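Student: Please take me slowly through the inside of this protein. I'd like a close look at how the hidden part is put together.

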Amino acid sequence: MTPFRPCATPGTRPPRLLPVPAVALWSDQAVHVPPLRLGPEGIYSTGPENRDADGLLWPQVLGPETGEPLYAVMDPLKQRRAMEEFRCQVGLGPATLTALGVLWVLPLPRDTDEDPPRDWKKGVVTTEPPVCLAHARVSVRKCPRLKEGYEAFFVQEAELYAVKGTFYPPPPIGARPYRTARRLDDPDARLMVADRLARRLRKATPVDLYDLHLTRHAGPCNRPLREKTN
């Protein structure tokens, strides 16, 4: 996916390129869950399966990356890749890594039951992938949620901690599937179709995204490398 897409209406001046996160789903795509069955160790698909290294079942993403970007909806498979491999959620290249850790940018919490204040001593659990510095600076100017306020950190500890998705209760409960989160070491995770990985962040150091010492050589993570000439 090209992480930049023109945004304009007919009759206006030439379009200005705006960032589209590489992990965003597109309107011509659909997240598809094949028919499922219950086995002795969890749920299984009746067709081709998409499982990760931990044995978790993931949906399929069908359709081309065309139409309109759905900024608020993440492609579950690209979100998983970005979280597993510490890739920038905007460019899907390597996230910025320094001696202080990997760069994360998170919106300020709203201090509600669903979005409580962060407790770094216990660790902050997030499904937001990391970012590279160049794309972080663009994101905080353009993303509506980040424009409300954000925190940027270099994080030294970021363990894969949990999975979010749809839980399918086994019989005899007979309840309908529902969305939830489970720790990766929870046996009930095998009864889920996962769509988000979560990391628990610890040992965070606040960072100024406009620090000249950091930004001097910080290009976009997906910029092609120039070949060296003799």
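Tutor: Let's start with a word we'll need throughout: a residue is buried when its relative accessible area is under 20%, exposed when it is over 50%, and partly exposed in between (1.4 Å probe, protein chains only). By that rule, buried residues make up 40% of the 230 residues in the chain. This is a predicted model, so a local feature needs a pLDDT of at least 70 and side-chain atom pairs count only at pLDDT 80 or more, while totals for chains, interfaces and linings use all residues. Residues are numbered from 1 along each chain as its sequence is written, and side-chain values use heavy atoms, with hydrogens and water left out.

Now the scaffold. The chain has four helices and 16 strands; these are DSSP runs (H or I over at least four residues for a helix, E over at least two for a strand), numbered from the N terminus. A contact here means heavy atoms within 4.5 Å. Take the contacts between residues at least 6 apart in sequence: 71% of them join residues at least 24 apart. Keep that in mind while you trace the chain.

So what sits inside? In soluble globular proteins, nonpolar side chains tend to be buried together. A nonpolar core is a set of buried Ala, Val, Leu, Ile, Met, Phe, Trp, Tyr and Cys residues joined through side-chain atoms within 4.5 Å. The largest one here has 16 residues, and Cys88, Leu103, Val105, Val131, Ala136, Val207 and Leu209 are the members that touch the most others. Strand 12 (101-107), helix 2 (133-142) and strand 14 (150-167) each bring at least two residues to this core. Helix 2 gives the largest share, with four residues.

Stay with helix 2 for a moment. Seven of its ten residues are buried, so the helix is mostly covered. Those seven are Leu133, Ala134, His135, Ala136, Val138, Ser139 and Val140. You have already met Ala136 among the core members with the most partners.

Next, pick out valine 207, another of those well-connected members. Setting aside its neighbours within four places in sequence, valine 207 is in contact with Leu103, Ala152, Phe153, Phe154 and Leu214. Leu103 is also on the list of core members touching the most others. There is a second, separate core too, with 13 residues, including Leu56, Val163, Ala189 and Ala194.

What about the cysteines? The structure holds zero disulfides, a disulfide being a pair of cysteine sulfur atoms within 2.5 Å. Cysteine 132 is in none; the nearest cysteine sulfur belongs to cysteine 221 and is 3.8 Å away. With 3% relative accessibility, cysteine 132 counts as buried. Cysteine 143 has 28%, so it counts as partly exposed.

From cysteine 132 we can step out to the surface by way of proline 94. Not counting residues up to four places away in sequence, proline 94 touches Phe86, Arg87, Cys88, Cys132 and Cys221. So its partners include both cysteines we just compared by their sulfur atoms, and also Cys88, one of the core members with the most partners. Proline 94 itself counts as exposed because its relative accessibility is 56%. Look for it in the loop between helix 1 (76-85) and strand 11 (97-98). Proline 130 is 36 residues away from proline 94 along the chain, and their C-alpha atoms are 9.1 Å apart.

Phenylalanine 86, one of the residues that proline 94 touches, is found in that loop between helix 1 and strand 11 as well. With a relative accessible area of 27%, phenylalanine 86 is partly exposed. Check its backbone, too. Most residues other than glycine have a negative phi. Yet phi of phenylalanine 86 is near 55 degrees, a positive value in a residue other than glycine.

Aspartate 111 gives you another example: its phi is near 60 degrees, again positive in a residue other than glycine. Aspartate 111 is found in the loop between strand 12 and strand 13 (124-126), and its 54% relative accessibility makes it exposed. Strand 12, which comes before that loop in the numbering, is one of the elements that supply at least two residues to the largest core. That takes us from the hidden part back out to the surface.
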